[in-house]
Amino acid sequence: MIRFATIGTSAIVDRFLEAAALCEGLVHTAVFSRKKETAKAFAKKHGAEFIYTDLKELAESSDIDAVYIASPNSYHCEQAVEMLKHGKHVLCEKPAASNAAELQRMRAAAENGQAVLLEAMRSVYDPGFQAIEANLYRLGKIRSVSFRFCQYSSRYDNFRKGIIENAFRPELSNGALMDIGVYCVHPLVRLFGMPGKIEGASVFLENGVDGMGTILAQYPGWQAVLQYSKITSGYTESEVQGENGSMQIDRIADTRKITIHERTGRRDVILIPKEENNMVYEIREWLRLIENSQEDEKSKIYEEASGNEMQFLDLAREKMGIRFPADVS
């Protein structure tokens, strides 16, 4: 039985705990928050036995085996490193870090602490992504990829009233690219690796945070366009085009249907049955990695994809003029 703590008390942690309840071998044991009152309230809500307000105390606790981190992006590295160096396994919300340098620090701590570090990029662990991956061969030579994720943030209404919540604070390494665009970036580099060239442009809001953006990634013989937004909602599907056909993807962040249009005229609709809360799959994979050797072949694939993702984000931010305090630390 893996006894785990949660860092963060936002709605995403509520959703994570709903999924964790469906996974055998896990017990939610503790809550960490900088404020004692917040920790107590969240622990009571979810039935956790312990609360912590001191990061080192949590890291050194013999009552905890693993930690799920869902704090603002700028805190991920510090919190994960402290847990990992004390042998605590970490599932860290996407993006795993503010930049590639931070991710390297986290990986070094995982290796030294002989602990599992996994990025909680929920979409690539589930049956929807597996269906995309398994059917790419049917398209022939790839020529174009369009991944889109535009979702009006529930916190944008407050932003427009002058109430700036964490999701719209660039000093916390947040913004549309890191929070939403990453759902397009990660599957791109997971499927196709790093591009040779990246260009991009962002729409910036009054406080300097990026609200939406577009990235053009150039590969040998083909290109990818990524569109993402936190200030509008979009309903255009994602697509992969090849010389033999095209694949429509209903939602790149939570794929439940793909449609193959072959050049011959044949059309194949593939429905993907899966859990309503697709965080279940990342949790199960985290547990599997904890129980198995860190030399597991899949762990190497995950590590490479997360590394490429952070490298891609760094390059894209440089092109778009998105800078975080963490970049100069």
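This briefing walks through some strands, loops and cysteines of the structure above. The model is predicted, so local features are reported just where pLDDT is at least 70. Two UniProt domain annotations give a rough map to start from, one over residues 2-117 and one over residues 138-247. After the map come the parallel strands near the start of the chain, a few unusual backbone spots, and the cysteines.

**The two annotated domains**

- UniProt's unreviewed entry labels residues 2-117 "domain: Gfo/Idh/MocA-like oxidoreductase N-terminal".
- That span is 43% helix and 22% strand, and its end C-alpha atoms sit 15 Å apart.
- For residues 138-247, the unreviewed entry lists "domain: GFO/IDH/MocA-like oxidoreductase".
- Here the make-up is 20% helix and 39% strand, with 9 Å between the end C-alpha atoms.

**Strand E1 and its partners**

- Start with E1, residues 2-7: five of its six residues are buried, so the strand is mostly covered.
- E1 runs parallel to strand E2 (residues 26-32), and six bridges join them.
- If you want a spot to look at in that pairing, Ile2 stands opposite Leu26 in E2.
- To get from E1 to E2, the chain passes through helix H1 (residues 11-20), making a right-handed β-α-β crossover.
- E1 also pairs with strand E4 (residues 66-69), again parallel, through four bridges.
- Two pairs to look up there are Ala5 with Val67 and Thr6 with Tyr68.

**Strand E4 and the step to E5**

- In a regular strand, side chains take turns between the two faces of the sheet.
- E4 shows this nicely: Ala66 and Tyr68 point one way, Val67 and Ile69 point the other way, and all are buried.
- E4 is joined to E5 by four bridges, and these two strands run parallel.
- Tyr68 turns up here too, standing opposite Leu91 in E5.
- The route from E4 to E5 goes through helix H4 (residues 76-84), and this β-α-β crossover is right-handed.

**Odd spots in the backbone**

- As background, most residues other than glycine have a negative phi, and most peptide bonds are trans.
- The peptide bond from Lys94 to Pro95 is cis, with omega near -20 degrees.
- Pro95 belongs to the loop between strand E5 (89-93) and helix H5 (100-113).
- Gln114 isn't a glycine, but its phi is positive, near 50 degrees.
- You'll find Gln114 in the loop between H5 and strand E6 (117-120), and it is exposed, with a relative accessible area of 64%.
- Ser173 isn't a glycine either, and it has a positive phi of about 60 degrees.

**A closer look at Ser173**

- Ser173 is in the loop between helix H7 (156-160) and helix H8 (176-192).
- Is Ser173 buried or exposed? It counts as buried, because its relative accessibility is 0% and the cut-off is under 20%.
- Its side chain makes a polar contact with the side chain of Ser98, at 2.7 Å.
- Leaving aside residues up to four places away in sequence, Ser173 touches Asn73, Ser74, Ser98, Met178, Phe324 and Ala326.

**Asn292, far along the chain**

- Asn292 is in the loop between helix H9 (279-291) and helix H10 (297-320).
- At 38% relative accessibility, Asn292 counts as partly exposed.
- Asn292 and Val116 are 176 residues apart in sequence, while their C-alpha atoms are 9.9 Å apart in space.

**Cysteines without disulfides**

- How many disulfides does a search of the whole structure find? The search finds zero.
- Why is Cys23 not in one? The closest cysteine sulfur, in Cys92, is 18 Å from the sulfur of Cys23, and that is too far for a bond, since a disulfide needs the sulfur atoms within 2.5 Å.
- Cys184 is in a similar position: the closest cysteine sulfur is in Cys150, 7.6 Å away, so this pair is too far apart for a bond as well.
- Both Cys23 and Cys184 are buried, with relative accessible areas of 5% for Cys23 and 0% for Cys184.

Definitions and conventions
Residues are numbered from 1 along each chain as its sequence is written. This is a predicted model: local features need pLDDT of at least 70, side-chain atom pairs count only at pLDDT 80 or more; totals for chains, interfaces and linings use all residues. Side-chain values use heavy atoms; hydrogens and water are left out. Buried means under 20% relative accessible area, exposed over 50%, partly exposed in between (1.4 Å probe, protein chains only). A polar contact is a pair of N or O atoms within 3.5 Å; within protein, one must be able to donate a hydrogen and the other to accept it, and residues adjacent in sequence count only if both atoms are side-chain atoms. Contact means heavy atoms within 4.5 Å. UniProt positions are given in the numbering used here, feature names are shortened, and annotations may be inferred rather than shown by experiment. Two strands pair if DSSP finds at least two bridges between them. A crossover is right-handed if, with the strands pointing away from the viewer, the path from the first strand over the helix to the second runs clockwise.
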